Every structure is written in C-alpha cells, then in structure tokens.
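I opened the notebook for a session on helix packing and aromatic pairs. I will log each lookup in turn.

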Amino acid sequence: MGNSTSCAMNSSETVLHSFKKGWAARLEDAMHEAVTAQDASPGRIAGDLIRHGGKRIRPQLLFLCASLGEADEELLVHAAAAIELLHVGSLLHDDVMDGAATRRGAPSVNALWGNAYAATTGTHVLSCAMAELAHLPPDTVAAVAEAAFTVCSGQLRETEHVYDTELAADEHLEIIRMKTATLFGLPCRLGAELAGCDPDHVDALFRFGQQLGIAFQLTDDLLDLVGDAADLGKPTGTDLRAGVFSYAVLLALRQDPSGRLAALLRHEVLTAREAAEAARLVRLSGTVDVTRELAHAYSARAAAALAGLPEFPGHDALTDMPRRIVSRMR
C-alpha cells in the first residue's frame, strides 16, 4: 500500500517516539476536527472528553503493528481516529448505562449534562467515527463494522446479566472477549492490513491484540475492586454498585458458603457500607490473586503470539506492552 507519502519505519524507538511526539498530535487534531465539523454543541462536549486524554492504547497498537510493513500515514491516522472515536462513543453510552459519575478524572458527561445529552453525544461521536471510515478501503470498513456488531452484542449480553450472581465465569470471559478484546484486536489487524503485511502475520497480530485485551480488562476490573481511587481518577467499586460482576467477584460468589456476598450483591442500591463489605469479602476469598494470575496468563499468550513474527520496528514496544498492561496501577 505504499505511495509517495508512505513511511518505512526504521527502529522501535523511532516508532514509539514518533507516535508520542508526532502521530499522537495528529490523531488528537483529527479527532477534534471530526467531532466538531458537523455540530458545534455535541462536538464541544465530545471535544472536552477527548481533551481529558486517555491511554490511547488502541491507536498505539495500530501504529506499532503497521510498522511491520509500509503504510500510508494519512490512512493510519484516519483508521486510528475512527477506532478511538468508536471507543469514546462507547464510553459515553457505557457511562449512561452504568450511571458513572466520573470519567478520566473529571465529572462524566452524563453527570454534567444529563443522560439524554450524553447518549446523544455518544451517537454523534459514533457518527464521526463512520465519517473517518469513509477515507478507508472497503475491507477496512467491513472489519470495523464487524467489530462494532460484536461489541454491541457483548454489551447486550452484559446488560442481560446485570445483578446476576449466578453468571458463570466463562460467560463473563466471553463478554470480555466480545467487548474489550475485539477493540484491541481490531487496531492490530487494521494496522497490519493497511501496511500490506502477510496474512499469517496479520492473524498473529490480531491474536496478540485479543489476548492483550482480555489481560487489560481483567486488570482493569481488579483495579476497580482493589485499586486506589486517587490514582485511578475515578471512584472504585463502581462495577459492584452497578451490578456488573467481575471475574474475581463471580469466583468469590462460588466460594461463599454463607451466602452473605450474594445477598449483598442482589441489592440494586448498595450503601457505601454494604459495598465496602462486599469488596472485603471478595478480597478475603483469595480470588483477586487468582484473577491476577489469569491476567498474567493472557499476557503471556499475547507475548507468545508475537514469537513467530520477523523483527520489525514496533516489535520490542509490542512485546513490552503485555507486561506493562498487567502491572499498571491506573
């Protein structure tokens, strides 16, 4: 897919440095331009959320995976913007459904403007993601559409199991695969495909992203349970109060002969004292460590997916990413 604007990348340091110092700025500009181009009001609200930042893991994955081949930078920026906007739009809708009060260390859009405005802004951002997709090849658009359908199906399955203390841990992992892992595998696949990589290499990077996504979500859920609210920039225990039970909670429910944990979690309005007691019971059950071990196992599977690939500029940064994902504190 190379042309006069193509970029052949030369070292892992150059790739990561270029992302942080160059592509990251171009990505922010592209996202702001996308959300403000059509309608100033939802665009301003969405722009505020974008300005609060985020980890930008998905765009990093796309650019790093693209370094295995040669790609048009403009196409990469449009693809990265589309995926990140898809993520931001889903966050806006998630916060409405979960009643979240904060996002990225600041009041959530639904807390500031109300659910109707937040849901409308989320739909606006998803529309902007589609506009970015218009710049990309049909196969890329089809891959994003397929991923969006999978994420929506995962969200629906999660919603169907809210406050479900009988939910099987394997079903919970499948929901994680459909939601988070899909949006981690997608940028890896698109980056490699837009760079014209060998199909076997595309598959390997896609598997890497999926395993990394599951490790990320398991770790994220643990931080909501045992993390520090100040470090995270948001309250902890939000999933417990919203009835969205994580892997550690579901395992703890199976090891709760008194039934006290299940009795607490069936309350749709947990008091702060009840939420603290539920979190304490989960921690005492030992399932936090079991979940952490599982996150490390998925992290190892992600790293193993890279084993058969040739050396390329983004290889070392990708190899280091699973370790950083499961050891993060925020």
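How are H7 and H8 oriented to each other? I kept in mind that this is a predicted model.

**Entry 1: H7 and H8**

I looked up the axes to begin with. Helix H7 covers residues 138-160 and helix H8 covers residues 169-194. They pack at an angle of about 165°, and their axes are 8 Å apart. Angles over 145 degrees count as roughly antiparallel. H7 and H8 are therefore roughly antiparallel to each other. I also checked the hand: H7 passes H8 in a left-handed crossing.

Next I listed the contact. From H7 I noted, among others, Thr-140, Ala-143, Val-144, Ala-147 and Val-151. On the H8 side I noted residues including Ile-175, Met-178, Leu-183, Leu-186 and Leu-190. Charged residues also take part, among them Glu-146, Arg-157 and Glu-158 in H7 and Glu-171, Lys-179 and Arg-189 in H8. I then sorted the residues of this contact by class: ten are nonpolar, six polar and seven charged.

**Entry 2: aromatic pairs**

How many aromatic pairs does the structure hold? I found three. I logged two of them in detail.

I took Trp-113 and Tyr-117 to start. Their ring centres are 5.7 Å apart and their planes stand at 50°, so I recorded the pair as tilted. Are these residues buried or partly exposed? Trp-113 is partly exposed, at a relative accessible area of 41%. Tyr-117 also counts as partly exposed, with 36% relative accessibility.

I went on to Phe-184 and Phe-216. Here the ring centres are 5.1 Å apart and the planes are at 40°, so this pair is tilted too. Phe-184 sits in helix H8, while Phe-216 sits in helix H9 (residues 199-226). The two are 32 residues apart, and the pair links distant parts of the chain. I checked exposure here as well: both Phe-184 and Phe-216 are buried.

**Entry 3: H12 and H15**

I turned to helix H12 (residues 247-254) and helix H15 (residues 287-305). Their axes come within 9 Å and cross at roughly 135°. That angle falls outside the ranges for roughly parallel, antiparallel and perpendicular, so H12 and H15 are oblique to each other. I noted the crossing as right-handed.

Which residues meet here? H12 brings Tyr-247, Ala-248, Leu-251 and Ala-252. H15 brings Thr-287, Val-288, Val-290, Thr-291 and Leu-294. By class I logged seven nonpolar and two polar residues, with no charged ones.

Terms used
Residues numbered from 1 in each chain as written. Predicted model: local features only at pLDDT ≥ 70, side-chain atom pairs only at ≥ 80, totals over all residues. Heavy atoms only, no water. Axes fitted to C-alpha atoms, helices over the stretch in contact; angles between N-to-C directions. Helix = DSSP H or I, 4+ residues; strand = E, 2+ residues; numbered from the N terminus. Parallel < 35°, antiparallel > 145°, perpendicular 65-115°, else oblique. Left-handed = near helix turned anticlockwise from the far one by under 90°. Contact = heavy atoms within 4.5 Å. Nonpolar A, V, L, I, M, F, W, Y, C, P; charged D, E, K, R; others polar. Phe/Tyr/Trp six-rings, centres within 6.5 Å; stacked < 30°, edge-to-face > 60°. Buried < 20%, exposed > 50% of the residue type's maximum accessible area, 1.4 Å probe, protein only.
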